[in-house]
Amino acid sequence: MSRSILLLRAVNVSGRNLVPMARLREVLASETSLTGVSTYIASGNIICDEPVDAASTCSRVREVIATGFGVDTPVIARTHSELATSLAAQPFGGGAEKLVHAMFLEGAPAPGAIAALETRLVPGEELALIGRDLWINYAESGVHSTKLTKSVLDRALGVAGTARNLRTTRKLAELTA
């Protein structure tokens, strides 16, 4: 059976939007049709058997998390194949694992989004949109010095997304294989 990852945005970050992973697994098993559920690190990575209808599953998982944990967060699905394809197309081969991030988008970004974001890049940063994934290679100073903040990305893209660094993205592809 094919495996997928459901990515939650901004959970268990800086003591906010707390969603205990063990409890999340229990709730998902009892209140959704997901099977083969596991989690990877506490930042909201749900590994599961590939759902028949990813969009409705993401919607249901979002509803369950909002009801059960009081956290309303986008839920974005990627299959193992989609992760592998994204990694193969990753344009920043020389970038450091902790500085290269894949931002998985719910859908296509707004027209002109990439051009708008390019005006916000600090020296040393790069970005590339490949399908529904925005790859960002942050400058040596890292994500803490970027002008590509969550609000800037959300406003420009016009669609929800959630980012994982290259190391985590590779691990998620391995876990869904």
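Which strand does Arg3 lie in? Arg3 lies in strand β1, and that strand makes a handy way into this predicted model.

## Ground rules

Residues are numbered from 1 along each chain as its sequence is written, and side-chain values use heavy atoms, with hydrogens and water left out. Since this is a predicted model, local features need pLDDT of at least 70 and side-chain atom pairs count only at pLDDT 80 or more, while totals for chains, interfaces and linings use all residues.

Helices (H or I, at least four residues) and strands (E, at least two) are DSSP runs, numbered from the N terminus.

## Strand β1 and its partners

Let's begin with β1, which covers residues 3-8 and has six of its six residues buried. Buried here means under 20% relative accessible area, exposed means over 50%, and partly exposed is in between (1.4 Å probe, protein chains only). Neither face of β1 is left open: Arg3, Ile5 and Leu7 are buried on one side, and Ser4, Leu6 and Leu8 are buried on the other.

Two strands count as paired if DSSP finds at least two bridges between them. β1 pairs with β3 (residues 45-49) in the antiparallel sense over five bridges, and Arg3 has Asp49 as its bridge partner there. β1 also pairs with β4 (residues 75-79), again antiparallel and over five bridges; in β4, Ile76 stands opposite Leu7.

## Arg3 up close

An arginine on the buried list deserves a second look. Arg3 counts as buried because its relative accessibility is 18%. Its side chain reaches the backbone oxygen of Gly36 at 2.9 Å, which fits the polar contact rule (a pair of N or O atoms within 3.5 Å; within protein, one must be able to donate a hydrogen and the other to accept it, and residues adjacent in sequence count only if both atoms are side-chain atoms).

Contact means heavy atoms within 4.5 Å. Not counting residues up to four places away in sequence, Arg3 touches a long list, including Gly36, Ser38, Asp49, Glu50, His80 and Leu175.

## The four-stranded sheet

There is also an open sheet of four strands, with the order β6-β7-β5-β8 and antiparallel pairing. Its edge strands are β6 (126-130) and β8 (161-165), each pairing on one side only. Neighbouring strands are turned by 20 degrees against each other on average, direction ignored.

Within the sheet, β5 (residues 100-105) and β8 run antiparallel and are joined by five bridges, with Ala163 as the bridge partner of Met103. Helix α3 (residues 80-89) lies across β5, β6 and β7 (133-137), running at about 40 degrees to β7. For such angles, axes are lines fitted to C-alpha atoms, for helices over the stretch in contact, and angles run from 0 to 180 degrees between N-to-C directions.

## Helix α5 and its two sides

Helix α5 (residues 150-157) has Val152, Leu153, Ala156 and Leu157 buried. Seen down the axis of α5, the buried residues fall within an arc of 110 degrees, so they line one face of the helix; the arc is that of the directions from the helix axis to the C-beta atoms. That buried set packs against β5, α4 (113-118) and β7.

Lys150 and Arg155, on the other side of α5, are exposed. After the helix comes Gly158, whose phi is positive, near 70 degrees.

## Two nonpolar cores

A nonpolar core is a set of buried Ala, Val, Leu, Ile, Met, Phe, Trp, Tyr and Cys residues joined through side-chain atoms within 4.5 Å. The largest one has 19 residues, of which Leu6, Val19, Leu24, Val61 and Ile65 touch the most other members. β1, α1 (21-31), β3, α2 (54-69) and β4 each give two or more residues to this core, and α2 gives the most, with five.

Separate from that is a second core of 16 residues, with Ile114, Tyr138, Leu148 and Ala156 among them.

## Helix α6

Thr168 is found in helix α6 (residues 166-176) and counts as buried because its relative accessibility is 11%. Leaving aside neighbours within four places in sequence, Thr168 is in contact with Tyr40, Ile41 and Asn45. Thr168 and Glu97 are 71 residues apart along the chain, with 8.8 Å between their C-alpha atoms.

Lys171 is in α6 too, and is partly exposed, with a relative accessible area of 27%. Its side chain makes a polar contact with the side chain of Glu174 at 3.1 Å.
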